[in-house]
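Please take a moment with the sequence and the model shown here before reading on. The paragraphs that follow are meant for someone meeting this structure for the first time.

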Amino acid sequence: MSADMIVLVVSIIVSVFFTIHSVQTIVRTRQRYYEEYLKRKRINEVPR
Amino acid sequence: MSKTKWFVYTVILGLIPLLSRLLIAALSVRDIKYVSAGDLLSFGIALSITNISNIENVSATDSEWKTREFGISITFALLLGIVYAISLFAESAPRDFSSRNILIASVILTMACFFHSYSVLDRSVKSGGFS
């Protein structure tokens, strides 16, 4: 295996791993933000 | 740093070498490459260094997350630097390295770095902001 192929394979593996991590971070952030929004909405609701 | 500031100050400014190369390649009568691995890698390095600076300035998030993202940004900067050095070798010794493979590796790494930078900024902005 030539050096450039090793670089390519390592880059692909690292990129896939960190992209999955980034997507997880974005999804968790959205979930947390939505939960906080619901909590704030519940607090602000005035009972009739 | 807001998302607009990140986009204007980091993404647009980081893409200037790439955009200017595209413009020159489109206007020139000579055979100039449209995309260069060096321009892409410098954009990726700029993103990861901005990331490190952003993570340092975040105040209200947990320290474990900060350490993890800091480590990933350092890894990205190191990898991009290594691929940049190899791309320089590939220019001087084209028989030893395939410049096509180096270009593909730099595109993939830079895209992953962009996603990572966006995810860090997204969480920083939404969970308390900066100090």
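What follows is a walk through one chain as a whole and then through a few of its residues and their neighbours.

It should be said at the outset that this is a predicted model, and that every value below has been computed from it. A convenient place to begin is chain B, which has four helices and zero strands, so that, in line with how helices and strands are assigned, the elements read α-α-α-α from the N terminus on. The C-alpha trace of chain B spans about 50 × 30 × 15 Å along its principal axes, and of the 131 residues in this chain, 40% are buried. When one considers the contacts in chain B between residues at least 6 apart in sequence, 72% of them turn out to join residues at least 24 apart.

The surface of chain B can be described in a similar way. Its accessible surface comes to about 7,000 Å², and 66% of that area belongs to carbon and sulfur atoms. As for charge, chain B carries 11 positive and 9 negative side chains, with the centres of the two sets lying 5 Å apart.

From the chain as a whole we can turn to a single residue, B:Val11, which has its place in helix α1 of chain B, a helix made up of residues 3-27. Is B:Val11 buried or exposed? With a relative accessible area of 4%, B:Val11 is buried, because anything under 20% is counted in that way. If its neighbours within four places in sequence are left aside, B:Val11 is in contact with B:Trp6, B:Phe43, B:Leu47 and B:Phe114. A further comparison of sequence and space is offered by B:Ala112, which is 101 residues away from B:Val11 in sequence, while the two C-alpha atoms are 14 Å apart in space.

Next come the aromatic rings, of which the structure holds six pairs over all chains. In one of these pairs, the rings of A:Phe17 and A:Phe18 have their centres 5.5 Å apart and their planes at 55 degrees, so the pair is tilted. With regard to accessibility, A:Phe17 counts as exposed at 57%, whereas A:Phe18 counts as buried at 10%. The ring of A:Phe18 also pairs with that of B:Phe76, their centres being 5.2 Å apart and their planes at 55 degrees, so this pair is tilted as well. Because A:Phe18 lies in helix α1 of chain A (residues 3-44) and B:Phe76 in helix α3 of chain B (residues 63-92), this pair joins two chains. B:Phe76 itself counts as buried, at 0% relative accessibility, and ring pairs link A:Phe17, A:Phe18 and B:Phe76 into a cluster.

Contacts between the chains can be followed at another residue, B:Ser119, which lies in helix α4 of chain B, running over residues 99-126. B:Ser119 is buried, its relative accessible area being 0%, and its side chain reaches the backbone oxygen of B:His116 at 2.8 Å. Which residues does B:Ser119 touch, not counting those up to four places away in sequence? They are A:Ser22, A:Thr25 and A:Ile26, which belong to chain A.

Definitions and conventions. Residues are numbered from 1 along each chain as its sequence is written. Chains are lettered from A and ligands numbered from 1 in the order in which they are written. This is a predicted model: local features need pLDDT of at least 70, side-chain atom pairs count only at pLDDT 80 or more; totals for chains, interfaces and linings use all residues. Side-chain values use heavy atoms; hydrogens and water are left out. Buried means under 20% relative accessible area, exposed over 50%, partly exposed in between (1.4 Å probe, protein chains only). Contact means heavy atoms within 4.5 Å. Accessible areas come from the Shrake-Rupley method with a 1.4 Å probe; for residues, only the protein chains shown count as cover. Lys and Arg count as positive and Asp and Glu as negative; His and the chain ends are not counted. The place of a charge is taken as NZ of Lys, CZ of Arg, CG of Asp or CD of Glu. Rings of Phe, Tyr and Trp (its six-membered ring) pair if their centres lie within 6.5 Å; planes under 30 degrees apart count as stacked, over 60 as edge-to-face and the rest as tilted. A polar contact is a pair of N or O atoms within 3.5 Å; within protein, one must be able to donate a hydrogen and the other to accept it, and residues adjacent in sequence count only if both atoms are side-chain atoms.
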